[in-house]
Amino acid sequence: ELDRKTTAGSVYAIGSPAWPTWIKIGKAVDPHDRLNGYQTSSPFRDYFLIHSRIVEDRNKAESAIHEKLTHEDAIKVIDNISLEDTQKDMFNESNS
């Protein structure tokens with residue numbers, strides 16, 4: 001219900017050791033709650049929150065991130081990401 005009443009919230013990046021080169025970019029009122037939702041689909045409960053940022057309009061922020069990540073850019077980013085890099089502030093880089 002709260003999800004529909006406000007545009008404020010977070011944009012996030014979620015990863016999983018099962019797919020080390022894939023990152024889910026998304027939006028939620030509460031990224032930790034969204035992460036818990038992902039855990040229900042994994043018997044190992046091993047999804048992890050790479051990064052999140054509170055924003056005034058999560059819909060616009062998520063769209064802006066996806067627009068900046070063209071297909072070619074996404075491939076470059078994915079090819080250069082390892083699990084050790086997951087603490088990197090990817091959202092700051094996408095806003096430059």
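These legends go with a set of close-up views of a predicted model.

**View 1. The whole chain, with five helices and three strands.**
Before zooming in, here's the overall layout. Going along the sequence, the elements come in the order α-β-β-α-β-α-α-α. The protein has 96 residues, and 30% of them are buried. Take the contacts between residues at least 6 apart in sequence: 66% of these link residues at least 24 apart. The accessible surface adds up to about 6,500 Å², with carbon and sulfur atoms accounting for 53% of that.

**View 2. The hairpin made by β1 and β2.**
Strand β1 covers residues 9-16 and strand β2 covers residues 19-28. The two run antiparallel and are held in register by seven bridges. Just two residues sit between the strands of this hairpin. If you want a landmark for the pairing, look for Gly-15, which has Ile-23 of β2 opposite. As a reminder for reading this view, side chains in a regular strand alternate between the two faces of the sheet.

**View 3. The largest nonpolar core, built from seven residues.**
Its members are Val-11, Ala-13, Ile-25, Ile-50, Val-55, Ala-61 and Ile-65. At least two of them come from each of β1, β3 (48-55) and α3. A separate, second core has five residues, among them Tyr-12, Ile-14, Leu-35 and Tyr-47. Back in the largest core, Val-55 is worth a look: leaving out residues up to four places away in sequence, Val-55 touches Ala-8, Gly-9, Ser-10, Val-11 and Ala-61.

**View 4. Ala-61 in helix α3.**
Helix α3 spans residues 58-68, and Ala-61 is part of it. Is Ala-61 buried or exposed? It counts as buried, because its relative accessibility is 18% and the cut-off for buried is under 20%. Setting aside neighbours within four places in sequence, the contacts of Ala-61 are Val-11 and Val-55. Gly-9 is also in the frame: it lies 52 residues from Ala-61 along the chain, yet their C-alpha atoms are 9.8 Å apart.

**View 5. Glu-62, also in helix α3.**
Here's a glutamate that is buried, since its relative accessible area is 13% and anything under 20% qualifies. Which residues does Glu-62 touch, not counting those up to four places away in sequence? The list is Val-11, Ile-25, Gly-26 and Lys-27. Val-11 also belongs to the largest nonpolar core, as does Ile-25.

**View 6. The aromatic pair of Tyr-38 and Tyr-47.**
The structure holds one aromatic pair, and this is it. The rings of Tyr-38 and Tyr-47 are 5.4 Å apart, centre to centre, with 45° between their planes, so the pair is tilted, as stacked needs under 30 degrees and edge-to-face over 60. Tyr-47 is buried, at 16% relative accessible area. Tyr-38, at 22% relative accessibility, counts as partly exposed. Tyr-47 turns up in the second nonpolar core too.

**View 7. Arg-45 in the loop between α2 and β3.**
Helix α2 covers residues 31-39, and Arg-45 lies in the loop that links it to β3. What stands out about the backbone here is a positive phi near 50° at Arg-45, a residue other than glycine. For context, most residues other than glycine have a negative phi. Arg-45 is partly exposed, with a relative accessible area of 48%.

Definitions and conventions: Residues numbered from 1 in each chain as written. Predicted model: local features only at pLDDT ≥ 70, side-chain atom pairs only at ≥ 80, totals over all residues. Heavy atoms only, no water. Helix = DSSP H or I, 4+ residues; strand = E, 2+ residues; numbered from the N terminus. Buried < 20%, exposed > 50% of the residue type's maximum accessible area, 1.4 Å probe, protein only. Contact = heavy atoms within 4.5 Å. Pairing = 2+ DSSP bridges. Core = buried A, V, L, I, M, F, W, Y, C linked by side-chain atoms within 4.5 Å. Phe/Tyr/Trp six-rings, centres within 6.5 Å; stacked < 30°, edge-to-face > 60°. Areas by Shrake-Rupley, 256 points an atom, 1.4 Å probe, with all protein chains shown as cover.
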